[in-house]
Amino acid sequence: MAANSSPTGDLSLVLAGHATTLVVGLCQVLGDIRVMMTALAGGTQALVIAAVIACVIVLLRVHRRRFAVLRALGAPKAYVFACIWLYVVTIVATGATAGLIVGFGGSYLAGLFVASQTGVALSPSIGLQEVSLAAGLVAIGCVFAVVPAAALYRDRLDRALQTIS
């Protein structure tokens, strides 16, 4: 009872309450920033997938005549479809793997920089969440790889042979 009525006791309770309020507010702001950054990262990944598919469609249009020659030499349409699909999937899988490696390297370098500036050691690691995200992107890429493969699959052979490459 006597400790609570002393001026020092009351001041420490006020300061503790004030610090708690500040920490709670800081945690709320950081939580909001995390949600925003997660949404931005998701949007960025969707744009990257769309850009890769658009580039692959343009690239396959450039090679349209070569695939038509392959079909004219007797390759079944399904074989050409599989070649194109595997080509796109290989690009997406290589990109996802390279993204994990470059991302880890960049995080490691950023951790070294932060440690040299602040003295706080950061140790990045690639966990199950990152690997599952990359695998999900590859799975989405496998589904979207059907688009350029189907476009050349449905292409008329005579028109494809007449194109200039």
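**Helix packing in a predicted seven-helix chain**

Visitor: In which kind of crossing does H4 pass H6, left-handed or right-handed?

Guide: In this predicted model, a crossing is left-handed if the near helix is turned anticlockwise from the far one by less than a right angle, and right-handed if clockwise. By that criterion, the crossing in which H4 passes H6 is right-handed.

Visitor: How many helices and strands does the secondary structure of the chain come to?

Guide: Helices (H or I, at least four residues) and strands (E, at least two) are DSSP runs, numbered from the N terminus. Along the sequence, the pattern is α-α-α-α-α-α-α. The total is seven helices and zero strands.

Visitor: Where in the chain is confidence highest?

Guide: As a predicted model, the structure is described under thresholds: local features need pLDDT of at least 70, side-chain atom pairs count only at pLDDT 80 or more, and totals for chains, interfaces and linings use all residues. Residues are numbered from 1 along each chain as its sequence is written, and side-chain values use heavy atoms, with hydrogens and water left out. The mean pLDDT (the predictor's confidence in each residue, from 0 to 100) of the chain is 78, and 76% of its residues reach 70 or more. Confidence is lowest in helix H1 (residues 2-5), at a mean of 48, and highest, at 89, in helix H4 (residues 77-118).

Visitor: Over which residues does pLDDT stay under 50?

Guide: Where pLDDT is low, the predicted coordinates should not be read in detail. The model has three contacts (heavy atoms within 4.5 Å) beyond four places in sequence for the stretch where pLDDT stays under 50, namely residues 1-6.

Visitor: At roughly what angle do the axes of H4 and helix H6 cross?

Guide: Axes are lines fitted to C-alpha atoms, for helices over the stretch in contact, and angles run from 0 to 180 degrees between N-to-C directions. The axes of H4 and H6 (residues 146-153) come within 8 Å, and they cross at roughly 150°. That makes the two helices roughly antiparallel (over 145 degrees; under 35 is roughly parallel, 65 to 115 roughly perpendicular and the rest oblique). The angle in question is roughly 150°.

Visitor: How many nonpolar residues does the contact of H4 with H6 have?

Guide: H4 contributes Lys77, Ala78, Phe81, Ile84, Trp85 and Val88, while H6 contributes Val146, Pro148, Ala149, Ala150, Leu152 and Tyr153. Ala, Val, Leu, Ile, Met, Phe, Trp, Tyr, Cys and Pro count as nonpolar, Asp, Glu, Lys and Arg as charged, and the others, Gly among them, as polar. The contact has one charged residue and no polar ones, and its count of nonpolar residues is 11.

Visitor: How far apart are the axes of helix H5 and H6?

Guide: H5 (residues 128-144) and H6 pack at an angle of about 15°, and the two are therefore roughly parallel to each other. Cys142, Val143 and Phe144 of H5 meet Val146, Val147 and Pro148 of H6, a contact with six nonpolar, no polar and no charged residues. The axes are apart by 5 Å.

Visitor: Which residues in H3 meet H4?

Guide: The axes of helix H3 (residues 64-72) and H4 come within 9 Å and cross at roughly 145°, and the crossing is right-handed. By class, this contact has five nonpolar, no polar and two charged residues. On the H4 side are Lys77, Tyr79, Val80 and Ile84, and on the H3 side are Phe67, Leu70 and Arg71.

Visitor: What is the relative accessible area of valine 88?

Guide: Valine 88 is placed in helix H4 and touches Ile53, Val56, Leu60, Ala145 and Pro148, not counting residues up to four places away in sequence. Its C-alpha lies 8.6 Å from that of alanine 149, 61 residues away in sequence. Valine 88 is buried (under 20% relative accessible area; exposed is over 50%, partly exposed in between, with a 1.4 Å probe and protein chains only), because its relative accessible area is 0%.

Visitor: Is leucine 86 buried or partly exposed?

Guide: Leucine 86 also belongs to helix H4, and its C-alpha is separated by 9.2 Å from that of alanine 149, 63 residues apart along the chain. With a relative accessible area of 48%, leucine 86 is partly exposed.

Visitor: What distance separates the C-alpha atoms of glycine 106 and proline 124?

Guide: Glycine 106 lies in helix H4 and counts as partly exposed, at 37% relative accessibility. Proline 124 is 18 residues apart from it along the chain, and the C-alpha separation is 9.5 Å.
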